[in-house]
Amino acid sequence: METSKFFPIVETQDEGYQKTFKNCAELVPTLPRSKGWWLDELFQYQGFWMSSFPIRGSMLINDHFKPRPTDIIVATSPKCGTTWLRALVFSIINRAAFDFNDHPLRKLNPQELVLLFEGHIHKDGSTSFLDELPSPRLLSTHIPYSLFPKRMTDDTSACRFVYICRDPKDVLKSPLSLEEAFDLFCKGVSHYGPFWDHVLGYWKASVESPKKVLFLTYEDVKKEPLGCVRKVAEFLGVPFSQEEENRKTVEEIVKLCSFESLSNLDVNQSVAKRSERPVSNSDFFRKGEVGDWVNHLSPEMVEKMNQITEQKLQGIGFNFH
Ligand code: A3P
């Protein structure tokens with residue numbers, strides 16, 4: 001049994017889990033800490049600011065997760081399009097299984113269909129829950145690329161990551177005052193931040209291992225949704241056939257997963273909060289537009305953020321504009 005004040009209690013009979021829980025409970029109180037955007041405190045772990053629960057999730061993944069070559073991981077920084085990408089990838093890989101008019105996405109929020117990896121590795125106090133999922137397993141994560149074990153990220157492993165990021169100016173939404181959130185964000189203190197290091201990790205991996213990591217931006221998917229959906233399907237080894245093109249399957253997927261379609265479903269209008277997190281289904285859908293920062297950030301904030309982004313992403317061959 002786990003007793004640390006930093007963690008929800010998870011009972012486990014698994015000795016391996018018990019050991020990781022103990023290591024994590026000893027480690028976390030020794031880490032640098034800071035106020036976070038939401039209720040939880042953040043700790044600096046392996047260069048990234050995370051709350052204690054995903055730190056333990058990351059340690060459990062490293063110590064115990066058994067990857068399969070067919071695993072697909074949807075990876076994002078929070079607020080960068082996780083909900084959208086979950087919906088798109090789920091509908092791409094399951095397109096033969098469901099009728100678009102009677103689709104699971106019409107009844108369930110994308111986070112219930114594509115489970116959070118670092119959350120569900122805790123479930124049942126062993127890997128049994130994840131071990132029992134049928135292949136291909138589709139999971140979602142916010143964990144930075146460098147924190148995954150080599151057995152998932154090196155070339156001998158076939159599991160794949162689809163990553164989406166977004167202009168950081170559009171990411172700054174938090175219950176804190178804008179000034180406070182902005183200041184913390186610019187210092188790198190945000191959930192799974194520094195934001196730019198998160199982007200850089202996945203960007204570099206996508207350049208070095210293009211078969212393992214597909215790098216997308218929210219802005220590109222908005223601009224070219226059909227092309228992006230085709231790209232994801234090809235990357236995952238399930239390209240659209242001519243017959244599917246003729247049937248307009250790509251268009252159906254884009255339409256089903258669009259902001260207008262998902263945000264208007266009853267399930268996604270629910271404002272009921274979950275006990276463990278102050279987030280309701282409707283919180284995942286706000287405006288769904290590119291460049292809404294013009295309505296929120298001052299010119300000084302825009303300039304500062306652009307400067308940091310220029311400097312951090314300098315010379316890598318990618319930027320948000
Ligand atoms: P805005 O706050 O700009 O509206 P995440 O899912 O990672 O938390 O990201 C949330 C952002 O994605 C929010 O952006 C939300 O409105 C937007 N979003 C959610 N579903 C979307 C969809 N189907 N298409 C486009 N954007 C979507």
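The expected span of a helix is 1.5 Å times one less than its number of residues. The exercises below apply this and other checks to a predicted model.

**Exercise 1. Find how far helix 3 reaches from its first C-alpha to its last, and set this beside the expected value.**

Solution.
- Step 1: Helix 3 runs over residues 82-93 and has 12 residues.
- Step 2: At 1.5 Å a residue, 16 Å is expected.
- Step 3: The reach from the first C-alpha to the last is 16 Å, close to that expectation.

**Exercise 2. Determine how many residues of helix 3 are buried.**

Solution.
- Step 1: A residue is buried when its relative accessible area is under 20%.
- Step 2: The buried residues of helix 3 are Thr-82, Thr-83, Trp-84, Leu-85, Arg-86, Ala-87, Leu-88, Val-89, Phe-90, Ser-91 and Ile-92.
- Step 3: That is 11 of the 12 residues, so helix 3 is largely enclosed by the rest of the structure.

**Exercise 3. Describe the surroundings of the ligand, starting from the residues closest to it.**

Solution.
- Step 1: The ligand is surrounded by 18 residues, of which Thr-82, Thr-83, Tyr-218, Lys-287 and Gly-288 are the closest.
- Step 2: Helix 3 contributes three residues, the largest share of this shell. Helix 14 (259-263), like helix 3, supplies at least two.
- Step 3: Look at the oxygen atoms of the ligand. A polar side-chain atom of Arg-286 is 2.7 Å from one such oxygen atom. For Lys-287, a backbone N or O atom is 2.6 Å from an oxygen atom of the ligand. Gly-288 also places a backbone N or O atom 2.6 Å from a ligand oxygen atom.
- Step 4: On its own the ligand has 570 Å² of accessible area, and the protein covers 97% of that.

**Exercise 4. Check the span of helix 16, then work out where its buried residues lie around the axis.**

Solution.
- Step 1: Helix 16 covers residues 299-313, which is 15 residues. At 1.5 Å a residue they should span 21 Å, and the end C-alpha atoms are indeed 21 Å apart.
- Step 2: Its buried residues include Met-301, Val-302, Met-305, Ile-308, Thr-309 and Leu-313.
- Step 3: Viewed down the axis of helix 16, the buried residues fall within an arc of 135 degrees, so they line one face of the helix.
- Step 4: The face turned away from the buried side carries the exposed residues Pro-299, Glu-300, Gln-307 and Gln-311.
- Step 5: Helix 8 (178-186) and helix 9 (195-208) are among the elements that cover the buried residues of helix 16.
- Step 6: After helix 16 comes Gly-315, which has a positive phi near 75 degrees.

**Exercise 5. Examine the loop between helix 8 and helix 9, using Tyr-192 and Pro-194.**

Solution.
- Step 1: Tyr-192 is in this loop. Its phi is near 70 degrees, a positive value in a residue other than glycine.
- Step 2: The relative accessible area of Tyr-192 is 9%, so this residue is buried.
- Step 3: Pro-194 is found in the loop between helix 8 and helix 9 too. The peptide bond joining Gly-193 to Pro-194 is cis, with omega about 10 degrees.

**Exercise 6. Decide whether Lys-248 is buried, partly exposed or exposed.**

Solution.
- Step 1: Lys-248 sits in the loop between helix 12 (242-246) and helix 13 (249-256).
- Step 2: Its phi is positive, near 65 degrees, and Lys-248 is not a glycine.
- Step 3: Exposed requires over 50%. Lys-248 has 47% relative accessibility, so it counts as partly exposed.

**Exercise 7. Place Leu-113 and Thr-153 in their helices and list what each touches, leaving out residues up to four places away in sequence.**

Solution.
- Step 1: Leu-113 belongs to helix 4 (residues 110-113). With a relative accessible area of 18%, Leu-113 is buried.
- Step 2: Leu-113 touches Phe-90, Pro-104, Leu-105 and Leu-108. Between Leu-113 and Phe-90 there are 7.6 Å from C-alpha to C-alpha, although the two are 23 residues apart in sequence.
- Step 3: Thr-153 belongs to helix 7 (residues 150-153). Its relative accessible area is 13%, so Thr-153 is buried.
- Step 4: The contacts of Thr-153 are Tyr-145, Phe-148 and Lys-212.

Notes:
Residues numbered from 1 in each chain as written. Predicted model: local features only at pLDDT ≥ 70, side-chain atom pairs only at ≥ 80, totals over all residues. Heavy atoms only, no water. Helix = DSSP H or I, 4+ residues; strand = E, 2+ residues; numbered from the N terminus. Buried < 20%, exposed > 50% of the residue type's maximum accessible area, 1.4 Å probe, protein only. Arc of directions from axis to C-beta. Contact = heavy atoms within 4.5 Å. Near = heavy atom within 4 Å. Polar contact = N/O pair within 3.5 Å; in protein donor to acceptor, adjacent residues only side chain to side chain. Areas by Shrake-Rupley, 256 points an atom, 1.4 Å probe, with all protein chains shown as cover.
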